[in-house]
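Open the model in your viewer and keep the selection panel at hand. The tour goes from one helix outward.

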Amino acid sequence: MKKPFILLAFAFMFTSANAQEISDALRYSIENLNGTARYRAMSGAFGALGGDLSSINVNPAGSAVFNNNQLGLTISNYDTKNNSNYFGTQTSDSENSFDLNQAGGVFVFKNHDKNAKWTKIAFAVNYENTNNFDNAKFSAGVNPTNSIANYFLSFANGIPLNVLENGNYSALNNAEQQAFLGYQGYIINPVSNSTNNTAYTSNVREGGNYFQENGIYSNGYNGKLSFNFSSSYKDKLYIGINLNSHFSNFTQSSRFYEDNDNTLTNVDRINRMRFSNDLYTNGTGFSFQIGAIAKITDGLRLGAAYESPTWMNLSDELTQRLSSVRSNLSGELPADVIDPRITNYYAPYRLQTPSKFTGSAAYVFGKKGLISIDYSVKDYSNVKFRPTSDDYFRGLNAEMNTTLDYSGELRIGAEYKIKALSLRGGYRMEQSPYKNKTTIGDLTGYSGGLGYNFGATRVDLAYSYAKRNYQQGFFSTGLTNAASIDAINNNVSLTVLFEL
């Protein structure tokens with residue numbers, strides 16, 4: 001029999017059940033524009049230029065372009081605003097944060113032999129936050145046809161009633177846990193009371209017009225620590241390699257609410273509910289990069305670089321809570337609260353992000369200025385969860401191979417110098433990783449900034465703007481109606497550099 005109230009002692013559960021989605025893979029595969037203020041002001045178009053601490057994250061050969069040792073650090077302000085439209089109702093939410101997002105140094109060793117062909121070598125260590133996860137999204141509106149009951153039904157159908165009646169939440173896999181919550185919360189009912197029943201129906205008041213709210217609040221980072229080595233051949237050819245260590249920490253809290261004023265009957269039916277999910281993910285990874293820059297003439301430079309996939313080891317923790325209120329012609333009943341107070345510790349898993357190829361060209365107008373262009377390509381259909389022997393991961397990988405696609409990114413940057421003052425600007429366009437181009441749309445960004453050289457010290461300031469449209473589905477199955485969201489990012493960065 002259903003339990004009207006469940007409140008278990010706080011506990012931990014270690015499980016091999018899977019709860020990963022495509023959005024989890026893309027979270028660690030898509031990078032933001034981060035780095036030094038000069039790099040950001042020129043929209044990251046540094047593949048053929050080098051000479052900037054963040055340029056080695058595009059092309060490792062860039063450290064050999066430095067003439068002197070240099071140390072630098074960058075602080076940034078991230079301002080993200082999300083404008084949502086859900087069935088015609090418009091809402092907005094925003095997040096603002098500060099971060100020390102870059103710190104590093106490069107050390108140059110010159111060969112003083114005038115007849116030497118290899119003129120110098122350089123070592124660099126640089127840390128950057130490749131992605132800032134601080135974000136807030138809120139959507140609300142009236143769904144005319146679909147209730148969250150369909151989310152729980154999508155998991156419940158096929159599961160024996162005995163499992164949902166007498167099962168222990170901590171002993172169930174992820175799909176069974178979702179069905180268990182829906183059943184114990186009176187959101188769904190069995191078609192028959194047989195313990196072998198595997199079919200279920202909604203217990204939400206029928207008639208349409210379900211008011212729904214969905215808030216998703218996240219924070220964390222994806223960090224990259226690069227150990228770089230490069231060399232210069234006759235000051236005409238620069239080659240380099242990076243060994244990268246990755247660190248990730250991600251926390252997300254989602255809060256869903258639904259109510260309705262549909263027709264009352266003599267039978268108890270759900271008229272409002274809240275469903276909360278708290279996810280914590282942490283992990284580490286490794287990747288490498290190789291690259292080269294060729295100085296064709298005094299002004300023209302060409303660059304090429306390859307970045308391997310990032311091989312990440314991740315682990316997830318998830319807690320859930322559901323509360324619901326039933327009513328009939330006699331009025332409302334006391335709330336049913338399903339709060340297992342259990343943290344699910346999922347078995348560690350691996351993620352392979354896509355590799356990246358970058359081609360670059362730049363023209364330097366003496367000491368007056370420069371213009372630079374980078375174009376990078378990633379094939380997101382190659383993203384893979386592992387182990388691939390896992391049936392769930394195998395199905396998810398097949399889905400990503402079908403729905404994800406190649407994505408190109410164009411970056412254009414320019415700089416003009418007036419004595420010690422430098423003026424900079426840039427443009428960036430990144431294509432959607434989805435074949436349908438709507439689940440996540442194309443990104444368009446602009447940037448600008450300035451720098452002042454005091455001699456041994458340099459200060460750079462940058463502003464960057466980026467906008468991307470995407471569809472935010474409330475859930476991956478059942479209630480898949482999506483809010484249309486315009487995500488706008490405004491970032492300000494300040495870098496201080498010291499030449500040694």
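Begin with the surroundings of helix α3. The elements that cover its buried residues include α4 (161–166), α5, β7 (188–190), β8 (200–202), β11 (269–295) and β13 (311–328). Color these before moving on. Keep in mind that this is a predicted model.

**Stop 1: α3 itself**

Select residues 149–156, which form α3. Show side chains for A149, Y151, F152, L153, F155 and A156, the buried residues of this helix. That makes 6 of the 8 residues of α3 buried, so the helix is largely enclosed by the rest of the structure. Now step just past the end of α3 and pick G158. Its phi is positive, at about 110°.

**Stop 2: α3 against α5**

Add residues 174–184, helix α5. How far apart are the axes of α3 and α5? They lie 8 Å apart, and the two helices pack at an angle of about 130°. α3 and α5 are therefore oblique to each other. The crossing of α3 past α5 is left-handed.

Show the side chains in the contact. From α3, take Y151, F152, F155 and A156. From α5, take A175, Q178, A179, L181 and G182. By class, this contact has 7 nonpolar and 2 polar residues, with no charged residues. Four of the names recur from the first stop: Y151, F152, F155 and A156 of α3 are also buried.

**Stop 3: Y186, past α5**

Follow the chain out of α5 into the loop that leads to β7, and select Y186. Check its backbone: phi is near 65°, a positive value in a residue other than glycine. Most residues other than glycine have a negative phi. Is the side chain of this residue buried or exposed? Y186 has a relative accessible area of 14%, under the 20% cut-off, so it is buried.

**Stop 4: F87**

Jump back to the loop between β3 (70–86) and β4 (89–110), where F87 sits. F87 is not a glycine either, yet it has a positive phi of about 50°. Its relative accessibility is 40%, so F87 counts as partly exposed. Put it on screen with Y186, which is buried.

**Stop 5: a cis peptide bond**

Go to the loop between β20 (384–386) and α6 (391–403), and select P387. Include R386 in the selection. The peptide bond from R386 to P387 is cis, with omega near 15°. Most peptide bonds are trans.

**Stop 6: F454**

Select F454, in the loop between β23 (440–453) and β24 (457–473). Turn on a surface here. F454 is exposed, with a relative accessible area of 56%. Then add A420. Its C-alpha is 7.3 Å from that of F454, although the two residues are 34 apart along the chain.

**Last stop: zoom out**

Clear the selection and view the whole chain. How many helices and strands does it contain? The protein chain has 6 helices and 25 strands. Its C-alpha trace spans about 95 × 45 × 40 Å along the principal axes. Of its 500 residues, 52% count as buried.

Contacts come next. Among those with a separation of 6 or more, 73% join residues 24 or more positions apart. Finally, show the full surface. The accessible surface of the protein chain comes to about 21,200 Å². Carbon and sulfur atoms account for 56% of that area.

Note on methods. Residues are numbered from 1 along each chain as its sequence is written. This is a predicted model: local features need pLDDT of at least 70, side-chain atom pairs count only at pLDDT 80 or more; totals for chains, interfaces and linings use all residues. Side-chain values use heavy atoms; hydrogens and water are left out. Axes are lines fitted to C-alpha atoms, for helices over the stretch in contact, and angles run from 0 to 180 degrees between N-to-C directions. Angles under 35 degrees count as roughly parallel, over 145 as roughly antiparallel, 65 to 115 as roughly perpendicular and the rest as oblique. A crossing is left-handed if the near helix is turned anticlockwise from the far one by less than a right angle, and right-handed if clockwise. Contact means heavy atoms within 4.5 Å. Ala, Val, Leu, Ile, Met, Phe, Trp, Tyr, Cys and Pro count as nonpolar, Asp, Glu, Lys and Arg as charged, and the others, Gly among them, as polar. Buried means under 20% relative accessible area, exposed over 50%, partly exposed in between (1.4 Å probe, protein chains only). Accessible areas come from the Shrake-Rupley method with a 1.4 Å probe; for residues, only the protein chains shown count as cover.
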